[in-house]
Amino acid sequence: MEFKQGDTVFGLEGLVAESANLANISTGFTWAEGPVWLESRGALRWSDVVGNKILEYHLASKTTSVYRDGVEYTNGRAVDHDGSVIQCSHGQRRVERDRDGVIEPLIDSWMGKKFNSPNDVIVAKDGSVWFTDPPYGIIFPTEGYPGEREYQDHYVFRFDPKTGEVKAVVIDVEEPNGLAFSPDESVLYVADSSALTNEPGKGNNHLRAYDVVDTKCKNGRTFAVMENGVPDGLRVDEHGNVWVATFDGVHVYAPDGSQLGWVPVPEKVANLCFGGPNGNLLFITASTSIYLIETLTRQAPVR
Ligand code: MG
């Protein structure tokens, strides 16, 4: 399937109406990332990682406000089962919880070693917290503080809040970034964006898929390769299709890895999420702006 740069959606039949428009709903940021829809607030919350702020877009009033400032370079986030927000902190090198504005650390080490800079996080149906740990917050000075890799690698971890156990579940992705489960949580998708830190033509720019068996990730395989840029954040819709953020927009893949289409975005895209009252609005964090496009699907239920 060939796609050309343009203003319209390509492919995505049955997923995005041909008449749907991509709207820039909020702008003026340095690196927008980590979006999540908060039903209780009727708002999209995201990070301006480089701007070191957390912002919210209130859908009803179409207004943007700063939720918190000076936030230790937070990045990806997810809503926990109790409605609180779990978020990644580059600056604190940890995963933390924001409950009504009160921040508490959740996970800050593994086998006595600090994490690199947790980047993105999801919460499974069983309440476990899965997150990626690439090096970006300790090697890019604008996204955190310079630091050392304490365990010398970049893993995906699973934290079980019932037992306190932290386990490395994926160890063969060079620089794990966004992650998401299939609707039944039998497959874990992990973006590898290591081309970001390598010379042109080197490193990875693909999405990996793993079968999840008893909390173990097996049968790792390359699911999709980004032709233009690296994959960053991703979401899975109710049909199991995988929506992936990359430099030139949002690319969508069927569960078998075939490409269904593409939403071109005029800025480099970092992440995306579904939200809105009906769950069918796709919010896209793209460099300086937030974009919105209505879809005909919604986020796979997470619990
Ligand atoms: Mg990311």
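**Exercise 1. A hairpin**

Find how strand 9 (residues 94-99) and strand 10 (residues 102-107) pair, and over how many bridges.

*Solution.* Keep in mind as you work that this is a predicted model.
- Step 1: Strand 9 and strand 10 pair in the antiparallel sense, and five bridges link them.
- Step 2: Look across the pair at arginine 99, and you will find valine 102 of strand 10 opposite.
- Step 3: Now follow the turn. Two residues sit between the strands of this hairpin, and aspartate 100 takes a positive phi near 50°.

**Exercise 2. An open sheet**

Work out the strand order of the open sheet of four strands, then say which strands stand at the edges.

*Solution.*
- Step 1: The order is 3-4-5-6, with antiparallel pairing.
- Step 2: Strand 3 (32-38) and strand 6 (63-69) are the edge strands; each has a single partner strand, so one side of each lacks a neighbour in the sheet.
- Step 3: From one strand to the next, the twist averages 25°.
- Step 4: Zoom in on strand 5 (residues 53-58), which runs antiparallel to strand 6 and is joined to strand 6 by six bridges. Glutamate 56 has serine 65 in strand 6 as its bridge partner.

**Exercise 3. A buried charge**

Aspartate 133 is buried: what is the nearest side chain of opposite charge, and how far away is it?

*Solution.*
- Step 1: Locate aspartate 133 in the loop between strand 14 (129-132) and helix 1 (136-139).
- Step 2: The nearest side chain of opposite charge belongs to arginine 93, 6.9 Å away. A salt bridge needs the charged atoms within 4 Å, and aspartate 133 has none.
- Step 3: Turn to polar partners. The side chain of aspartate 133 makes a polar contact with the side chain of tyrosine 151 (2.6 Å). A polar atom of the aspartate 133 side chain also lies 2.9 Å from the backbone nitrogen of serine 117.
- Step 4: Survey the surroundings. Beyond neighbours within four places in sequence, the residues in contact with aspartate 133 include Phe115, Asn116, Pro118, His154, Tyr155, Phe157 and Pro176.

**Exercise 4. Positive phi outside glycine**

Place methionine 111 and asparagine 219 in the structure, and give the phi of methionine 111 and of asparagine 219.

*Solution.*
- Step 1: Methionine 111 is in the loop between strand 11 (109-110) and strand 12 (113-114). Its phi is positive, near 50°, though the residue is not a glycine.
- Step 2: Is methionine 111 buried or exposed? With a relative accessible area of 69%, methionine 111 is exposed.
- Step 3: Asparagine 219 is found in strand 20 (residues 216-225). Asparagine 219, also not a glycine, has a positive phi of about 55°.

Definitions and conventions:
Residues are numbered from 1 along each chain as its sequence is written. This is a predicted model: local features need pLDDT of at least 70, side-chain atom pairs count only at pLDDT 80 or more; totals for chains, interfaces and linings use all residues. Side-chain values use heavy atoms; hydrogens and water are left out. Two strands pair if DSSP finds at least two bridges between them. Axes are lines fitted to C-alpha atoms, for helices over the stretch in contact, and angles run from 0 to 180 degrees between N-to-C directions. Buried means under 20% relative accessible area, exposed over 50%, partly exposed in between (1.4 Å probe, protein chains only). Lys and Arg count as positive and Asp and Glu as negative; His and the chain ends are not counted. A polar contact is a pair of N or O atoms within 3.5 Å; within protein, one must be able to donate a hydrogen and the other to accept it, and residues adjacent in sequence count only if both atoms are side-chain atoms. Contact means heavy atoms within 4.5 Å.
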